[in-house]
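Biologist: I have a model here and would like to go through its labels with you. Shall we take them one at a time?

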Amino acid sequence: MSDIDFDPAALKTVLDEHLGAADMVELERISGGQSNPTYFVTHGARRLVLRKQPNGPILRGAHAVDREFRVMKALGAQGVPVPETVFFHEDPAALGTPFYLMERIEGRVFEDCSLPGMDAEERRAIYFGMADAMARMHGIDPHAAGLDDYGKPGDYFQRQINRWTRQLRASTGEPITELERLADWLPSQVPPEDGAVAVAHGDFRLGNMMFHPTEPRVIAILDWELSTLGHPLADLGFCCMTWHCTPDEYGGIRGLDWQALGIPTKQEFVDRYHDSARPTGALQDFHIVFSLFRFAVIFVGIADRARAGNASGKNAADVAPLARAFARRALEIVDA
């Protein structure tokens with residue numbers, strides 16, 4: 001349990017209080033991820049997943065595990081594929097931070113967007129399954145789900161640009177000129193407000209999906225930390241970064257013979273999404289540039305946390321150069 005950064009006995013006490021007394025026979029930190037620490041827990045016969053805030057100082061509003069719990073509970077009741085929530089524990093006294101538990105489900109998670117080991121037909125179906133899951137998520141009426149106040153309605157992109165620009169300029173690292181250029185370019189390129197509002201995941205990509213063990217169907221959308229009420233094209237643009245980034249740039253497919261692998265074109269993926277999504281405007285270069293900028297600033301924050309010694313991922317310092325890489329990919333689109 002060398003990776004466990006809290007007292008296991010304290011966790012067992014909380015679990016016994018909520019679920020009844022039982023032995024805690026498994027506690028394992030899950031490798032990977034740069035945000036909220038995640039653990040497998042088995043308490044008696046219950047196989048669970050625990051998510052908590054990282055230890056140490058955090059940015060205001062970041063690592064909001066209470067929001068993760070709330071949105072999954074609400075969307076699960078609306079038929080969106082999410083893990084079943086168990087309980088949220090607000091008091092930080094037990095583990096040092098608030099945390100929640102959800103049921104552990106069995107399925108497949110693909111970190112490599114080239115999907116090695118599959119045939120072409122399977123790869124195509126997996127990508128289309130991801131598009132279908134996104135459309136289903138965006139099809140939920142936030143009011144019907146009880147999420148009216150989950151974010152501010154309207155003017156999503158401008159508010160997000162302002163937020164991430166502030167975070168960029170609050171960084172303790174060396175300035176990244178490519179990101180500063182994007183911060184100057186984006187505000188003047190925001191499409192006219194069209195009133196589209198959905199639950200936006202904020203990190204919708206293949207690695208945050210769990211698929212059925214044998215079918216190309218998403219059974220759980222994971223990692224809701226960045227979710228809010230937003231524009232559906234933000235998630236669609238974010239997911240389309242895969243076609244613009246290389247395998248060493250967080251698992252993209254650029255540079256691979258991805259069509260021979262059976263992976264659909266970006267336009268085919270977008271069309272599949274629109275086949276079942278609520279009607280919305282067309283995906284524009286702006287949406288992908290915005291997504292690359294936002295993702296780059298997230299990696300600036302990861303580098304800041306690594307310097308401060310409280311990053312969640314073990315490879316936080318190694319992935320810091322991705323901020324400049326994503327910014328350069330965005331500028332390729334701007335300058336095309």
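Modeller: Happily; we will go through the overall build and then the cavity.

Modeller: This is a predicted model, where local features need pLDDT of at least 70, side-chain atom pairs count only at pLDDT 80 or more, and totals for chains, interfaces and linings use all residues. Residues are numbered from 1 along each chain as its sequence is written, and side-chain values use heavy atoms, with hydrogens and water left out.

Biologist: Why is the protein called as compact as a globular protein of its length?

Modeller: The radius of gyration, taken over C-alpha atoms, is set against the globule rule, 2.2 Å times the number of residues to the power 0.38. For 336 residues the rule gives 20 Å and the protein has 20 Å, so the label fits.

Biologist: What makes a residue count as buried, and what percentage of the protein does?

Modeller: Buried means under 20% relative accessible area (1.4 Å probe, protein chains only). By that test, 51% of the 336 residues are buried.

Biologist: What makes a space a cavity, and how many of 30 Å³ or more are there?

Modeller: On a 1 Å grid over the protein atoms alone, a cavity is a set of points where a 1.4 Å probe fits but cannot get out. The structure has one of 30 Å³ or more. The largest cavity holds about 50 Å³, the volume being the space filled by probe spheres set on the points.

Biologist: Which residues line the largest cavity?

Modeller: Lining residues have an atom within 4 Å of a point; here they are Tyr156, Gly202, Ala234, Asp235, Phe238, Phe290, Ser291 and Arg294.

Notes
On a 1 Å grid over the protein atoms alone, a cavity is a set of points where a 1.4 Å probe fits but cannot get out, and a pocket is an open set with protein on both sides within 12 Å along at least five of seven lines; lining residues have an atom within 4 Å of a point. Buried means under 20% relative accessible area, exposed over 50%, partly exposed in between (1.4 Å probe, protein chains only).
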